[in-house]
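The following exercises are to be worked with the sequence and the structure in view. Each task is followed by a solution in steps.

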Amino acid sequence: MSGSVRILEERKTSILDKAMCCNGNGKEIGCEKQSVSGAVSQRACVYCGARVVLNPITDAYHIVHGPIGCASYTWDIRGSLSSGAEIYRNSYSTDLRESDIIFGGEKKLAAAIDELVEKENPKLIFVYATCIVGVIGDDIEAVCRLAEEKYGIRVIPVKAPGFSGTKSLGYKIACNAIMRLIAPNRELPKGKGVNILGDFNLAGEMWIIKSYLERIGIPVVSTVTGDASFESLMRMPSAQLNIVQCAGSSTYLANQLEEQMGIPYIKVSFFGVEDTTSSLVRIAQALGDQQALSKALAFTAEESEKAKAFLKTYLPKFEGKKAAVYVGGGFKAISLIRQFREMGIETVVVGTQTGQKEDYEIIEQLVSDDTVILDDANPAELEEFMLEKGADILVGGVKERPLAYKLGIAFCDHNHERKHALAGFEGIRNFTREVNLSLNSPVWEFCR
Amino acid sequence: MGANLVNLNVNPCKMCMPMGAVSAFYGLKGCMTILHGSQGCATYIRRHMATHYNEPVDVASSSLTEEGTVFGGETNLIRGIENLISLYSPEIIGVATTCLAETIGEDVGAIIRKFYDAHPDAKVKIINASSAGYAGTQYEGFFRVLRAVVEQTPMDTNPSQSVNIIAPMLSPADFRQLKKLLESMGLSYILLPDLSENLDGIHEKHYKRIKSGGTPLGEIARMAGAKYTIELSRFISEDDSPAQYLNEQFGVPFERLAMPAGIRDTDALIEKLVELGGRKTPELMRERGRYIDAMIDSHKYCALGRAAVFGEPDFVYSVIRLCCENGVIPVLAATGSVCPALRPALEEEIRKCADRQLVEKTVILDDCDFDMIESVSRELGVNVMIGSSDGRRAAHRLGVDLVRCAFPIHDRVGGQRVRMIGYGGSLNLLDQIANILLGNQEERFRGEIYDSFFETARHTGQAKKPEGTLQTIAQRTASHPCYTCGGGKYARMHLPVAPKCNIQCNYCVRKYDCPNESRPGVTTQVLTPEEALEKYKLVKKQVENLTVIGIAGPGDALANFEQTRDTLRLIREYDPDVTFCLSTNGLMLPLYAQELVDLGVSHVTVTINAVDVEIGAKIYKYVDYMGTRYTGVAAASILLGNQLAGLRYLTEHGIICKVNTVVLRGINEEHIEEVIKKVRDLGAYISNIMQMIPVAGSAFENMELVSNREISEIRNKCSVDLKQMYHCRQCRADAIGTLDNDVSIEFRGGCGTGEEQAALPVKKYAVASKSGMLVDQHFGHADTFYIYESDGTTARFVEKRQVNHYCTGKEDCLDDKQSKMDLILSTVADCSGVLALRIGNAPLEKLESKGIKAVTTYDRIENAVKQAASQ
């Protein structure tokens, strides 16, 4: 480990400096661990994981059963777009107070559901249990069941106390909630078409993918959960195939759908020219649809050509630049390293919040010898290593942006609040432009 | 509760206590904060603050887990404090509890004592505050920390001439203004907290992760000996008031004043400071004068204001008073905190202000949410909102502007530089409010006056078309993709039933079989009227929102009038609702115009490139009319005469006409405006000025194009005369779908692009892949294999196999390493090879013994499979 960098003892195993460690000597990065107390982790909580997966369901009422903070900080924070209802962009909370903590919040929750049913006539309600509800022991399962019986609508409990694990557990809890929702339709006859899993329609990305599929003649049955509605989700069991985009949040759901409803799945990715191309081709192959296949080949060949020509015009702007990547999951980090490579940019610092062992192995193979790899990094480490390795741009979340700026480093938003689509061929152009917007701004000339 | 729903908060107008706690701790020098609770709280608060302040915000968490929740978080918290010290070397550590820590009953005081026992040399000062999220809002959390700070700092009671200033949650810029004011008045003061620097840092060569600003601990210790305390909060409870504590414990006299926004509350603070020995500088008095001058300048605009002010009680109180002083009527005062004292404090103030403009209804709410704020604002006719950016969705739905001047501001930059206190800050806020009101008026007055007077006059006038037709044509226009801006919602279908053309334009070549080309004049096949009906039926079923049938060639709709007429009749019988649209060069219009009206065509496009026959002669090679071929000026004259007469006939009969004009470099580019003026006079509805598409084989094949920018300049010029179409896609003659998404390829015959025939024998491969895109998984870790077929030149995905589906029935088989390997082997038994990121020696041997080749690689699946198959 480099001498100039001050690192917490307990964090040392979570950092790998390739220059200091030969490959194959058995030294591995420590990951899939609890965050270190006091280390200023960038991670969120179980509730957050469940909320982000379910939130894009546009006509659902998402009731956060807990104190106001949990609702306030997650109110409409995702850039998920809707073609229909806008209900999901509201925040509903039981806003628990001191007396509710003492006497329990069940009655308040039941009354809240009563009021909502009376006023809004909902078809679908999710009830999230936060930390406090986990501790005071409200039986939200019972409250939801009673409400379902009373009103004949779906009221689904999402028990996600923040302390009960990591964000990934929240994803799983959300997937279970979806399974529970669609269970009554498990015997739906199969028809032509696919479900898109794990795309949240951030900046309309699901629409882009859907338009590609429609273009090659593959109907989309249901989308999970970008731009989804109660009705569209209930159609899910009738698809022939699931395509899984965000593996971290949705592989579990895909497995459940395969086991319980016999829908096979394949993993796909729409980041970058090559991933987008092979995903479309693969989907057509998996469906055994010759016509779609030939359309996919023609379509992707044409679009790849255009995207590559576009990228070429920007290459001189990126010469000699170095990137730092700090994102949520391993898959995203890997695809960013590869995208940067296509742009002629070397990645010198890579970190993820929740990457897994194999992700890090691949990252290690992908990057050059002078790269630092970090699991669950804190701001102090990011700062030290970005400066040490001379990164010119950081790709990360909102919290990391001001740090990069303070260090005089450019920044590209790759988070759920972004307003530019990064998927598909459009995404390639957007990403390239985004990187260049910041990387080649004149302001850096005055502060470095 | 001031909400529409009793048990449900809909769109919160507040945050939680730890948020306020973290903000207050940021105003102490050398302080780092740790939240005792689960990880998410710190992350959410950091994200919220980072986007408002555009500053790195470091807040630690004790990251309590299930175990900590059951057995107590002592170990976590002590470890967290140790780690903070080694990462940040802070002088102060603030420990704020969260819901979780409070509910499981953590004794944070005792844990801190244990920490000191274990670290007798520790120099850090630890201050803890109880801030359960459910016990209040960020407003109370902020003061609770300030109270804890004065309670837990060892005090120096030596009397001094200093004045304590306890400040509420203000922006860093306002903190700087406050300090400047105090300094200019020559007072010795201690400001708690001091957020002037820490959340609005400067750009430095070397970044410091602990900021250098904030109230130093040594200063805080001297607060007990100060001669007076001014607390800039009217509403915080005595229990949370630092001034109250300093008075009770050390006898420091105090007064609680309002946040100094607006003339009266700023004056009050300054008078108090004078009383305490400060002096008003001439500059300060000039600032005051300037503010009053500005108040007068804006007063008439302000009098039109009907404001909704929302936020923390102190903020709402002072901003409401500022509004009242300026004649902006604050019809709604709303706070998300529980604060019954707000109403009596503001009721009379607001009443008096409202009475001046005879406004009857005003509302004051506490403990309310945005759902309520929105509905009350709608009822009260609010025209400006003042508060944080959390009000933006309500403001958007209400169609009013929002002055963003409170935390948090997430959708604009400059949250850290909001200024609203003192004379200067008040002036800034006043200007923003007045400008919104002025902007409202400037933007709307023309339209409003037009609508209420001019439109009425027209409706009561004589020249009126039958109500019924007008309605339907208006509706049809609204659902016609070419006539509505953007046009993305509705789909149209062009039926290629008209192959022949009766004129030859120099820019055109008509082709029938080019599926990849998209421009007018192109189609893959020509349909008979009967085929057209069948195709319409088919497409109607599959394309949502198909509202329009168009006949756009590939020749000219009227040069093939029989086909056009028969097609439209057949479709009308099948579907009485669909809109008919047709495009023509206009040569035959005088002859068929009445028939078009009778057929129910509602929209007609006429391409008119020139209204001067000399220019027309350069554009048209020939015109075939009534059995004779004309050329030159004669051809252009016949065409033009018929176009204009036809156009007039159609518009007089209520048909919506679009005029297409192709801009041709060096021929008609200077002439377009004239064309547009002429067609406007004849009643055209919209003009579509288009780029020429250079077509190989046409006379203008090599003509230099007019740039898009020039086109858009021409359109802008012409838009004065006639509505312009900006979204034309120059569609094919057999286009189907929305303008942006042509799906006609789906409905054309196949193009014979079959699979390539395999050259080598096809072999099967099993791929271990986690991502599904790459060979990126250990062979032994795989619970799924992607099965591919390849002949070395192509790779075809066949299926995905789940390893456990090959389980032979033993329940415990997955627990046993050996059995899992057997399972994997049986999963891939029929393959020629397996591809994996890594593979152990034992499985490698097993595979080889079964004749299965193992390849370790890290590559894209398709590449790796092809490579394996070609070896």
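**Exercise 1: Strand pairing between the chains**

In this predicted model, strand β3 (residues 92-93) of chain A and β1(B) run antiparallel and are joined by two bridges. Determine which residue of chain A stands opposite B:Val10.

*Solution.* Step 1: Locate B:Val10 in β1(B). Step 2: Look across to the partner strand, β3 of chain A, which covers residues 92-93. Step 3: The residue opposite B:Val10 is A:Tyr92.

**Exercise 2: The contact between chains A and B**

Establish which element gives the most to the side of chain B that touches chain A.

*Solution.* Step 1: Count the participants: chain A brings 78 residues to the contact and chain B brings 77. Step 2: List the elements of chain B that supply at least two residues each; among them are β1 (9-10), α1 (17-25), α4 (74-88) and β28 (795-802). Step 3: With ten residues, α2(B) gives the most. Step 4: Classify the residues on this side of chain B: 29 are nonpolar, 30 polar and 18 charged.

**Exercise 3: Domains 1 and 2 of chain B**

Describe how domain 1 of chain B touches domain 2 of chain B.

*Solution.* Step 1: Set the bounds: the domain assignment places domain 1 at 17-256 and domain 2 at 282-441. Step 2: Their centres, taken over C-alpha atoms, are 29 Å apart. Step 3: In the contact, 24 residues of domain 1 meet 27 residues of domain 2. Step 4: On the domain 1 side, α2 (39-53) and α8 (172-184) of chain B give two or more residues, and α8(B) gives the most, with seven. Step 5: That side comprises eleven nonpolar, nine polar and four charged residues.

How values were computed
Residues numbered from 1 in each chain as written. Chains lettered and ligands numbered in written order. Predicted model: local features only at pLDDT ≥ 70, side-chain atom pairs only at ≥ 80, totals over all residues. Domains from an automatic or database assignment. Contact = placed C-beta atoms within 7 Å. Helix = DSSP H or I, 4+ residues; strand = E, 2+ residues; numbered from the N terminus. Nonpolar A, V, L, I, M, F, W, Y, C, P; charged D, E, K, R; others polar. Pairing = 2+ DSSP bridges.
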